[in-house]
Amino acid sequence: MLVAPSLGYLVLSPMLIVFAGAVLGVLVEAFMGKTHRAAVQFTISVGVLLLSLQQLWRIRDISSTTAAVDSVTIDKAGIFLQATVVLLALIAVFLIADQDNFVAQASAVPGSNEEAIALQQKNQQTEIFPLFLFAVAGMMLFPVATDLITLFVALEVFSLPLYLLAGLSRRKRLLSQEAALKYFLLGAYASAFFLFGAAFLYGYAGTISIRGISAAAGSANDVLLLIGIVFVSVGLLFKISAVPFHSWTPDVYQGAPTPITAFMAACTKVAAFGAILRIFYVGFAEAQTLWRPIITVIAILTMVVGSIVAIAQRDVKRMLAYSSIAHAGFLLSGVVALNKDGLAASLFYLVAYGLTTLAAFGIIGLVRDSTGEVTDLNRWIGLGKKSPLIGSIFAFLLLSFAGIPLTSGFIGKFSIFSAAYQSGNIAIVVAGVLSSAIAAFFYVRVIIMIFFTDPVNDSVSVIIPSVKSKISISVATVSSIVIGIAPSFLLTAANNFANFIK
Amino acid sequence: MNLLTLVGALPLVGAALIYLIPTKDSELVKKFALLVTSLVAIAAIFLAVGFDKSITSFQYAQSYSWIPTFNINFALGIDGISLVLILLSTILVPIVILATWNESEGGRWSVKTFYVLILILETMMVGVFAASDLFLFYVFFEAMLIPVYFLIGGYGTGNRSAAAVKFLLYSLFGGLLMLASVIGLYVIAGNQIGATFDLTQLATLEIDNQTENFLFLGFFIAFAIKAPLWPFHTWLPDAAKSATPGTSVLLLGVLDKVGTYGMIRFCLALFPDASKTFTPLIITLSVISIIYGAFMAIGQKDIKGLIAFTSISHFGFITMGIFAMTSQGMSGANLYMVNHGFSTAALFLVAGWMMSRRNSSTISDFGGLQRVTPVMAWSFFIAGMSGLALPGLSSFVSEFLVLVGTYTRYPVAAIIGTLGIVLAALYILIPIQKTLHGPITEGNENMKDLNLREKISIAPVIAIIVVMGFYPKPVLDLINPTSAKVVVDAGYSDPIAEVNK
């Protein structure tokens, strides 16, 4: 006979609230007229995220391994990661709320009459909001999931809405749909790899719980364990776009509507790294001799390839995509460090990187000509003259990506590399600083284009952002600046919350 | 408030206040910037007055917790070496502002932005010499690149953006290597005495030889790029050619000193054993720099390029003096840093006036200036003579000390280095003969001599060059105790103790 499992509603509430909001959003989409729908959807999203955040604050000192039988573990690091996802999503939703980035009717064939009519009659559908909330909920579940099935479910819950969202760009729709398809197909492969690995791990340990796998490590033939770890890692490394599983990143970043790129770049990274950190720190820590060399090599490859290939990019979104690959490499060195400092540093880095990324993509969304966003770097020439403020903010964000002192990127880099050094992994530190030097080149090159080159006579201009975008960009920028100059608050928090229940 | 903090913070406050001045009122912006930097210079002189020469530990020391997680403190403190460099920086800035009054016009951005950048840079220059926390030093060391980058790229001439990028990338590359070493040092400290960035505590670490060598190299390469030492020098001529004369003065006169200062403060103090291991190599590089810089300078057709290469030669002397590990060499090197700062300032400023009047920087375009513009010609002559270390002018004392100090330990290096002095006569006297003497070449007939503002700004520099040549004692008094301590702390004693300084 089946016994109904007991659920810890209190600690699950932050996720449940977001899920409920998503379901509500679907209903609103179905039954509400178009006049106020967008406003209502936006309010629901913001309200739900705020509620969830408040709930997270309430449970900040609680930890539980049995909240959903054995499949979810709420602990310090889990709460920090969830809060990070929610906070970044909260900033991102203000960018997403700028409806004119999205296609009016996703089902309309690009270039067809229906599309034109939908636009004309302002039949803007607002399914992006519930999709967005589902993705956020999945991202909150991912870093706290502690068995392989829940991990897989969470992975799919946040990936599927993202595949859809990536294809919803109003302009350059074919490019957007191509990106979505590519993302979906490669993502499906990665999911298959993940499942394949999960099966091996189950075969090895006789359990799907990652704590169980940790306990079983060393008890039987390591080959099964190694195969399992490798295939599960492939699935996870795909999500963080580590080399050699990165090829989707530039296309998707470029094709997706810019607010979605912002959301994806910031929040997926947090969720996926959260899960990776948990799996490697909790599940595979006992088997570290098996995977550490592999992940070290991947980390080094990721930083170096990301930094070098970024130099050749002529499109600002593609360039930031490669920069995000390089940053994934830096973050992986926090995984390889496998110590408390590494975890704390990764948590800090994720927040700092997420904020900077949101602000950067927010600004990219403002640079337009009559046909929409202009992402060709050659047409960004002289932007600093057209709009000194936006130019300076973007330059600052690039310096933060590059890790110049007095920016949040620098503190992140310093803490993550010192954790890696502490663990004795000096090769990764040297590779890290060298690829940072390479990366500096292409960030600086963009600054030259913006400031040191005279504008050509071009229709490109910086549009005046809507109030919502303004809020989003300024909150992200200001937090990024503050974290750079006075990082101790966030560092202390990351340190206090750097704890997985094993 | 601590006087040292005041000196450091005042320019930053000034930069913030400049924002309140309307952009159009550029004269007021300039006057305000001059006022602020003059006040800073006066405050810095008071700093020197209140400085106790007999104490070799950090004075005006203060420390506030900045990032407690890593035990990073906002810790400042100065000894004799840092004091004279702070004096050099703070005195040069108002002189540069006055001397290059109109330089900021015609740049890519407004006059206001120019002075904001200069003032931010001044804060960082003071900070980099005053930091007694390694992390804080690193922050200033790297962050000061950004204002310079914009100063070269936004207000320079010629291929300015390429030069700015080259400068930034070289420096960032060195800085990132240094970051790896900083991290290494931090972790080793964490394992031995608890995480700290405090310089005095870091100096007590026991590091195994191999690690120490690598950490040393991380620091040394960063400083050698900055200084710049052959073969890390290639960014300097481009940057100096493209920057405005005023920026060049700050770049060569002050910023490059951060490299040699770092060698003393960090390479020697933190890694004495590794310093010993690498000394032969570094002395060799220094000698190559001296000779190479001199030969390249002789071949220059461009005045700015000429000054840049003479600086490479002079930085060879400074590095040689530092790594000779004698108290004379060390004092000489420190004094040389100050003297080079002023003599380069004089050269660049006068050269800048010549160039803006003639609208050319090619040496052969000038000729016979002595007759047309006597004051400018005499100023250039004195600056040049100081550059070749004519006895009686400031550089002579320091060059002599460096050579004496080096000779007692590395006679061959000192003898080859002396050749640099002979070459210096060539690379200074030939251009002087071409530009100042001989027939008045076409285009120079109506050149205007220095105006009052220019005379006022160059006078203190020339005065310092002359006075320091005859009476270097006040500065040497500040430098000597600390220099001697650096040598002793690095585990050396003078081979011949009785050489007078």
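Visitor: Before we look around, what makes two strands "pair" here?

Guide: Strands are DSSP runs (E, at least two residues), numbered from the N terminus, while helices are H or I runs of at least four. Two strands pair if DSSP finds between them at least two bridges.

A word on the model: it is predicted, so local features need pLDDT of at least 70 and side-chain atom pairs 80 or more, while totals for chains, interfaces and linings use all residues. Residues count from 1 along each chain as written, chains are lettered from A and ligands numbered from 1 in written order, and side-chain values use heavy atoms, without hydrogens and water.

Visitor: In which sense do β1 and β2 of chain B pair?

Guide: Take β1(B), residues 59-67, and β2(B), residues 72-78. Y64(B) has F74(B) as its bridge partner. Over 6 bridges, the sense is antiparallel.

Visitor: How much area do chains A and B bury between them?

Guide: Buried area is the accessible area (1.4 Å probe) that two parts lose on being put together, summed over both. Of the total here, 82% lies on carbon and sulfur atoms. The figure is about 3100 Å².

Visitor: Which three residues of chain A supply the most of its buried area?

Guide: Together they give 24% of what chain A buries against chain B, more than any other three. They are F414(A), Y421(A) and F452(A).

Visitor: How many salt bridges cross that interface?

Guide: A salt bridge needs a Lys or Arg side-chain nitrogen within 4 Å of an Asp or Glu carboxyl oxygen. Between chain A and chain B, the rule finds 0.
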